[in-house]
Amino acid sequence: MVTAVRHLGPNWYASVMGTAAVATAGAALPLRLPGLRTTCAAVWGLSLVLLVILLAARALHWTHHRDQARAHLLDPATAPFYGCLAMALLAVGGGAVTVGRDWIGTGAAVALDAVLFGAGTVVGLAAAVAVPYLMAVRHRIEPSQATPVWLLPLVAPMVSAALGPLLVPYLPPGQARETLLLACFAMFGLSLLATLLMLPLVFARIVAGGPLPLALTPTLFLVLGPLGQSTTAVGSFADVAPGVVPAPYSGGFGVLAVLYGVPVMGFALLWFGLATAHVLRARRRGMGFALTWWAFTFPVGTCVTGAAALARHTGLVVYEGLAVGLYAVLVGAWAVAAVRTARGLLSGALLAAPRTALPAPRPTTGRTRSGAVR
């Protein structure tokens with residue numbers, strides 16, 4: 001077991017994020033199908049089990065393979081995945097309040113969410129500072145190496161911003177509720193501005209440098225994460241703001257939910273089309289399964305919750321249909337990624353040391369730590 005986790009990187013937390021997204025996005029859908037909520041609760045339970053297993057495995061990794069753990073931090077292709085740890089904690093915590101309470105009770109769900117939200121927020125803020133710092137002073141990178149993976153540590157505070165409002169109603173009225181809500185709003189701004197700084201580098205890399213290596217092409221879907229999550233966040237602010245902040249500002253949150261969410265969701269759909277085109281191209285050129293396929297799950301899940309938030313605040317049926325359609329994509333992507341991951345684990349391919357690709361003038365495949373399986 002100790003040897004098996006030597007190459008277990010922080011990117012594995014993406015499987016927890018994607019599984020939790022299926023549960024929370026399903027609970028947010030503007031429809032009530034028989035058995036849907038029970039199924040979502042079961043999927044959330046699975047995400048909790050996966051989180052516990054991965055936390056234990058990563059603890060073994062840090063204890064027995066400290067050299068490899070340090071190498072991960074010093075690898076610009078792997079270090080950004082430390083944002084996934086924060087988002088996995090936050091996603092499972094948020095799912096506890098939305099659907100997990102059906103199984104464990106409201107009190108236990110709130111307590112679990114409080115612990116995971118606190119831990120995830122601290123880890124996320126630390127990653128948002130530490131990873132860009134390492135990129136600047138320790139990593140040796142060039143603009144041509146930019147990928148959407150660089151967004152991961154910057155998106156983590158946005159997940160805190162979107163899920164923190166779930167705890168607001170359970171705090172004492174007054175200062176405690178307002179402090180948490182405005183803290184979430186601050187993290188919304190922190191993550192949004194940081195994403196706006198990083199995203200042009202990623203887009204310029206794609207346009208000027210050509211398509212990403214095949215194994216990294218699915219990471220284009222990671223751009224949907226800050227878009228869908230920020231739309232979800234402003235919708236959550238508007239949901240809980242009345243009675244928490246003074247009247248002029250509570251109404252402002254309602255306005256922001258629509259005036260911000262509508263154009264950002266429009267851009268998310270544009271990027272969804274662009275990313276899908278790149279993935280289809282990569283698939284035709286032989287793109288095999290890698291853990292990067294989990295990028296098809298959590299980011300799409302944020303767009304489901306974002307569309308559901310817009311449906312609540314605009315009353316438009318089109319957003320309800322969008323949420324349902326994106327959820328179908330999410331479930332299909334999760335099923336494929338889960339089955340292929342299980343197969344890779346059983347074969348041992350996903351836990352093997354990464355292979356170094358041969359150099360080429362315009363590489364279409366590359367050396368990654370994503371656990372690629374051919």
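**Figure 1. Threonine 217 in the loop between helix H7 (175-209) and helix H8 (224-240).** The model shown here and in the other figures is predicted. Threonine 217 has a relative accessible area of 3% and is therefore buried, the limit being under 20%. Leaving aside neighbours within four places in sequence, its contacts are Leu212, His278, Val279, Ala282 and Met287.

**Figure 2. Alanine 215 in the loop between H7 and H8.** With a relative accessible area of 6%, alanine 215 is buried. Its C-alpha atom is 29 Å from that of threonine 232, and 17 residues separate alanine 215 and threonine 232 in sequence.

**Figure 3. Valine 43 in helix H2.** The helix covers residues 36-64. Valine 43 has a relative accessible area of 12%, so this residue counts as buried under the 20% limit. Residues up to four places away in sequence are not counted in the contacts of valine 43, which are Thr19, Val22 and Ala23. Phenylalanine 267 is 224 residues from valine 43 in sequence, and the two C-alpha atoms are 30 Å apart in space.

**Figure 4. Valine 262 in helix H9.** Helix H9 takes in residues 247-284. The relative accessibility of valine 262 is 32%, which places this residue in the partly exposed class. Once residues up to four places away in sequence are set aside, valine 262 touches Leu310 and Tyr319. A second pair of C-alpha atoms, those of valine 262 and threonine 38, is separated by 31 Å, with these positions 224 residues apart along the chain.

**Figure 5. Arginine 66 in helix H3.** This helix is made of residues 66-73. Arginine 66 has 53% relative accessibility and counts as exposed, because the exposed class is set at over 50%. Arginine 6 is 60 residues away along the chain, and its C-alpha atom is separated from that of arginine 66 by 9.1 Å.

**Figure 6. Methionine 87 and the largest nonpolar core.** The core has 116 residues. The members that touch the most other members are Leu51, Met87, Ala161, Leu181, Phe188, Phe237 and Tyr327. Helix H4 (residues 82-104) supplies the largest share of this core, 11 residues. Methionine 87 is in contact with Met17, Leu152, Val155, Ala156, Val159 and Phe298, leaving aside its neighbours within four places in sequence.

**Figure 7. The helices of the chain, as context for the close-up views.** The chain has 11 helices and 0 strands. From the N terminus on, the order of elements is α-α-α-α-α-α-α-α-α-α-α. The radius of gyration is 20 Å, close to the 21 Å that the globule rule gives for 374 residues, so the chain is as compact as a globular protein of that length. Taken along the principal axes, the C-alpha atoms fill a box of roughly 60 × 45 × 45 Å. Of the contacts in the chain with a separation of 6 or more, 82% are between residues 24 or more positions apart.

**Figure 8. Burial, surface and charge in the chain.** Buried residues account for 52% of the 374 residues. The chain exposes about 15,600 Å², and 71% of this area is supplied by carbon and sulfur atoms. There are 23 positive and 8 negative side chains in the chain. The centres of these two sets lie 14 Å apart.

Terms used:
Residues are numbered from 1 along each chain as its sequence is written. This is a predicted model: local features need pLDDT of at least 70, side-chain atom pairs count only at pLDDT 80 or more; totals for chains, interfaces and linings use all residues. Side-chain values use heavy atoms; hydrogens and water are left out. Helices (H or I, at least four residues) and strands (E, at least two) are DSSP runs, numbered from the N terminus. The radius of gyration is taken over C-alpha atoms; the globule rule is 2.2 Å times the number of residues to the power 0.38. Buried means under 20% relative accessible area, exposed over 50%, partly exposed in between (1.4 Å probe, protein chains only). Contact means heavy atoms within 4.5 Å. Accessible areas come from the Shrake-Rupley method with a 1.4 Å probe; for residues, only the protein chains shown count as cover. Lys and Arg count as positive and Asp and Glu as negative; His and the chain ends are not counted. The place of a charge is taken as NZ of Lys, CZ of Arg, CG of Asp or CD of Glu. A nonpolar core is a set of buried Ala, Val, Leu, Ile, Met, Phe, Trp, Tyr and Cys residues joined through side-chain atoms within 4.5 Å.
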